[in-house]
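Trainee: I am new to this structure and would like a close look at a single part of the interior. Could you take me through one residue there and then show me how its surroundings fit into the rest?

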Amino acid sequence: MSHALGHMCRDCLAAPAEMPEERCPECGSPRVLSHPELHRLAIAHIDCDAFYAAIEKRDCPDLVDRPVIIGGGRRGVVAAACYVARVYGIRSAMPMFKALEVCPDAVVIRPDMAKYAAVGSQVRALMRAATPLVEPLSIDEAFLDLGGTELLHRRSPAGTLARLALDIERTIGIGVSIGLSYNKFLAKTASDLDKPRGFAVIGCAEARQFLAPRPIGTIYGVGRALEARLRRDGISTIGDLQTIDEATLIRRYGAVGHQLHRFARGRDDRKVSPVQRAKSVSSETTLVADSADSAVLSRAMWPLCEDVARRLKARDVLGQRVTLKLKTADFRLMTRSRTLARPTNLAEELFQAVQPLLAREAGGEAFRLVGVGAEELCAAERAPQPDLLAPEDRPDARLERAIDRVRRKAGKTAIMKGRSL
Ligand SMILES: [Mg+2]
């Protein structure tokens with residue numbers, strides 16, 4: 001297995017020392033990759049292409065060439081758009097009425113989160129067969145560290161990734177895009193470069209030059225507030241940052257300055273850390289008196305949601321699934337779960353999510369205990385894509401974080417949101 005020159009066919013996985021043609025000499029596929037560092041890089045970011053829409057198209061082949069939007073419902077925004085719909089300018093988080101204005105023929109499908117979650121776990125299972133070091137970021141994307149897997153798979157990490165993409169296409173029926181590099185920041189940046197069915201590589205040698213023209217907001221962790229501040233200071237591209245020495249950046253921006261200096265040079269020490277699958281965070285309480293009253297039960301849920309949210313935040317994770325737990329007066333245990341459109345660690349969102357579950361069960365028999373749990377945890381990565389609003393940009397999240405900080409200093413009962421009182 002000598003991979004000195006770094007070529008590979010993404011379809012037959014041939015990795016000849018030389019690949020002079022546009023097409024694979026073995027199978028004729030045009031999907032050939034050539035990069036000097038191709039077989040030496042091991043950190044990947046895999047992102048499913050238009051995940052929700054791809055699943056719906058898979059399940060309804062008539063839709064394959066049509067513009068498909070997943071959305072509707074209470075929020076009235078686009079949850080996902082297929083690549084045909086994107087040609088019309090439709091993007092995630094766009095109000096539905098606006099999307100239908102630019103593309104009246106779009107097929108609108110209500111999201112089926114349970115189905116998407118099931119497909120997401122199938123994708124994750126295939127990832128974990130490639131390496132145990134899988135760090136999910138959301139239902140449809142994850143970091144993978146394939147370092148040390150060469151002997152197991154008898155392929156370079158790049159080869160294993162190409163194989164994995166083919167397996168996901170063949171057995172699950174959806175496409176993925178792969179970013180391959182030497183750290184998480186650049187792997188995530190790369191996976192976005194060549195969508196859909198992409199495979200983009202960013203090597204050590206080119207990282208700095210590659211980053212230079214990119215806007216400052218594409219740096220990991222640079223949210224809107226910091227971006228605005230950097231722009232006011234005349235820094236609009238990563239290249240602008242590269243010209244400033246570390247001491248100056250630290251003097252101006254504090255500890256963030258150190259990070260900015262590193263990321264601008266393509267350096268990122270964060271490890272790919274798998275969050276254990278089975279783990280969940282939950283909280284429960286026994287009621288003072290058994291109750292069938294939905295208002296009483298709902299009130300009891302709020303401090304539990306706060307407790308779960310605080311512990312999720314402390315671990316820097318989000319829950320994709322919320323579970324309501326009820327114990328009847330005669331000690332029968334009932335649990336009801338739902339998958340969220342977007343993972344959360346906010347008490348408010350957990351609370352809103354359990355309300356419909358609770359409404360369905362309340363009013364009949366009396367309960368003695370209520371509980372709430374968050375499951376399918378994933379890392380609370382601050383994704384830089386505009387459609388993934390960073391949690392700290394939302395006012396309710398800011399408020400919750402401020403409350404959490406005061407509590408840590410002053411004790412648990414220092415501040416309570418109105419609902420607790
Ligand atoms: Mg995706």
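Mentor: Isoleucine 174, in what is a predicted model, is in contact with Cys48, Phe51, Ala54, Ile55, Val119, Val123, Ile168 and Glu169, once its neighbours within four places in sequence are left aside. Isoleucine 174 also belongs to the largest nonpolar core, which has 57 residues, and together with Phe51, Ile90, Leu144 and Phe199 it is among those that touch the most other members. The helix that gives the most to this core is α6, spanning residues 157–172, with 8 residues. A second core, separate from that one, has 30 residues, and Leu287, Trp302, Cys305 and Leu350 are included in it.

From the cores we can turn to a serine, serine 298, which lies in helix α13, the stretch of residues 294–315. Serine 298 counts as buried because its relative accessibility is 14%, below the 20% under which a residue is called buried. Not counting residues up to four places away in sequence, serine 298 touches Phe351, Gln355 and Leu358.

Helix α11, residues 246–253, shows how burial can be arranged along a helix, for its buried residues are Thr248, Leu249 and Tyr253. Viewed down the axis of α11, these buried residues fall within an arc of 100°, and so they line one face of the helix. An α-helix has 3.6 residues a turn, so residues three or four places apart point the same way. The cover over the buried residues of α11 includes α9 (224–232), α10 (238–242) and α12 (255–264). At the start of α11, the backbone nitrogen of alanine 247 has a side-chain oxygen of aspartate 245 within 3.2 Å, while just after the helix glycine 254 takes a positive phi of about 70°.

The cysteines deserve a separate word, since the structure holds 0 disulfides. For cysteine 12, the closest cysteine sulfur is that of cysteine 24, at 3.6 Å, which is too far for a bond, because a disulfide requires the two sulfur atoms to be within 2.5 Å. Cysteine 12 is partly exposed, with a relative accessible area of 33%. Cysteine 82 is likewise in no disulfide, and the nearest cysteine sulfur, belonging to cysteine 103, is 8.4 Å away. With a relative accessible area of 3%, cysteine 82 is buried.

Terms used
Residues are numbered from 1 along each chain as its sequence is written. This is a predicted model: local features need pLDDT of at least 70, side-chain atom pairs count only at pLDDT 80 or more; totals for chains, interfaces and linings use all residues. Side-chain values use heavy atoms; hydrogens and water are left out. Helices (H or I, at least four residues) and strands (E, at least two) are DSSP runs, numbered from the N terminus. Buried means under 20% relative accessible area, exposed over 50%, partly exposed in between (1.4 Å probe, protein chains only). Contact means heavy atoms within 4.5 Å. The arc is that of the directions from the helix axis to the C-beta atoms. A polar contact is a pair of N or O atoms within 3.5 Å; within protein, one must be able to donate a hydrogen and the other to accept it, and residues adjacent in sequence count only if both atoms are side-chain atoms. A nonpolar core is a set of buried Ala, Val, Leu, Ile, Met, Phe, Trp, Tyr and Cys residues joined through side-chain atoms within 4.5 Å.
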